[in-house]
Amino acid sequence: MTLTLDLHPIFRNEREVDRAVRAIIFEAVRTKAETVEIIPGKGSGKLKQRVLAMLKQAHLRKLYQRVETDETNTGRVLVHFR
């Protein structure tokens, strides 16, 4: 099962972005999803870097196996779970 989070509607509100990323990670753990697809968009890359930095935080890092940035679509981040 794959969960998807599109950040386009909320990209201007940093607090809402943080809340949405945390919520989708916790939801994936709760539902035992295999992958979470986070779509920050292509833009300047600032939102993608924010998401990647957030995923490196220790309390979130221990919940997933690895993060992959899609080489064919730079506006997409895949988070894989155990």
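Helices and strands here are DSSP runs, numbered from the N terminus, with at least four residues for a helix and at least two for a strand. The model is a predicted one. On that numbering, L63 sits in the loop between α3, residues 58-61, and β3, residues 66-69.

I will stay with L63 for a moment. Its relative accessible area is 23%, and buried means under 20%, so L63 is classed as partly exposed. Leaving out residues up to four places away in sequence, L63 touches I25, F26, V29, F81 and R82. There is also a C-alpha distance to quote: L63 and A28 are 35 residues apart along the chain and 9.3 Å apart in space.

One of those partners, I25, leads to the core. I25 touches L63, and also L55, L60, V79 and F81, again not counting residues up to four places away in sequence. I25 is also among the residues with the most contacts inside the largest nonpolar core, together with L7, V21, V36, I38, L55 and V79. That core has 22 residues. At least two of its residues come from each of β1 (2-6), α1, β2 (35-39), α2 and β4 (77-80). Which element gives the largest share of this core? It is α1, with six residues.

Next, α2, which covers residues 46-55. Its buried residues are L47, K48, V51, L52, M54 and L55. Looking down the axis of α2, these buried residues fall within an arc of 160°, so they line one face of the helix. K46 and Q49 are on the other side of α2, and they are exposed. What do the buried residues of α2 pack against? The list is α1, β2, α3, β3 and β4.

Now the strand β2. T35 lies in this strand. Its relative accessibility is 13%, which is why T35 counts as buried. Once neighbours within four places in sequence are left aside, T35 is in contact with M1, T2 and L3, and also with L78, V79, H80 and F81. V79 has come up already, as one of the core residues with the most contacts.

Just before β2 there is a backbone point to flag, at K32. K32 is found in the loop between α1 and β2. The phi angle of K32 is near 60°, a positive value in a residue that is not glycine. For context, most residues other than glycine have a negative phi. K32 counts as exposed, at 70% relative accessibility.

On to the largest pocket. About 250 Å³ of space lies in it. Its lining is made of 15 residues, and F11, S44, K46, L47 and K48 are the ones nearest its centre. Two helices, α1 (14-31) and α2 (46-55), each supply at least two residues of the lining. Of the elements, α2 gives the most, with four residues. By class, the lining of the largest pocket has six charged residues, five polar and four nonpolar.

Some of the residues near the pocket centre deserve a closer look. F11 is in the loop between β1 and α1. With 44% relative accessibility, F11 counts as partly exposed. Apart from neighbours within four places in sequence, F11 is in contact with V17 and L47. F11 and L47 are 36 residues apart in sequence, with 7.3 Å between their C-alpha atoms. Recall that L47 is one of the buried residues of α2.

S44 is in the loop between β2 and α2. Is S44 buried or exposed? S44 is exposed, with a relative accessible area of 68%. From S44 to F11 the C-alpha distance is 12 Å, and the two are 33 residues apart in sequence.

The last residue is H8, which is found in the loop between β1 and α1. H8 is partly exposed, at a relative accessible area of 43%. Beyond residues up to four places away in sequence, H8 touches I39, P40 and G41. H8 and L78 are 70 residues apart in sequence, and their C-alpha atoms are 16 Å apart.

To close, three items to look at in the viewer. One is the face of α2 lined by its buried residues. Another is the positive phi of K32. The third is the largest pocket, with F11, S44, K46, L47 and K48 nearest its centre.

Key
Residues are numbered from 1 along each chain as its sequence is written. This is a predicted model: local features need pLDDT of at least 70, side-chain atom pairs count only at pLDDT 80 or more; totals for chains, interfaces and linings use all residues. Side-chain values use heavy atoms; hydrogens and water are left out. Buried means under 20% relative accessible area, exposed over 50%, partly exposed in between (1.4 Å probe, protein chains only). Contact means heavy atoms within 4.5 Å. On a 1 Å grid over the protein atoms alone, a cavity is a set of points where a 1.4 Å probe fits but cannot get out, and a pocket is an open set with protein on both sides within 12 Å along at least five of seven lines; lining residues have an atom within 4 Å of a point. Grid points are joined across faces, edges and corners, and a volume is the space filled by probe spheres set on the points. Ala, Val, Leu, Ile, Met, Phe, Trp, Tyr, Cys and Pro count as nonpolar, Asp, Glu, Lys and Arg as charged, and the others, Gly among them, as polar. A nonpolar core is a set of buried Ala, Val, Leu, Ile, Met, Phe, Trp, Tyr and Cys residues joined through side-chain atoms within 4.5 Å. The arc is that of the directions from the helix axis to the C-beta atoms.
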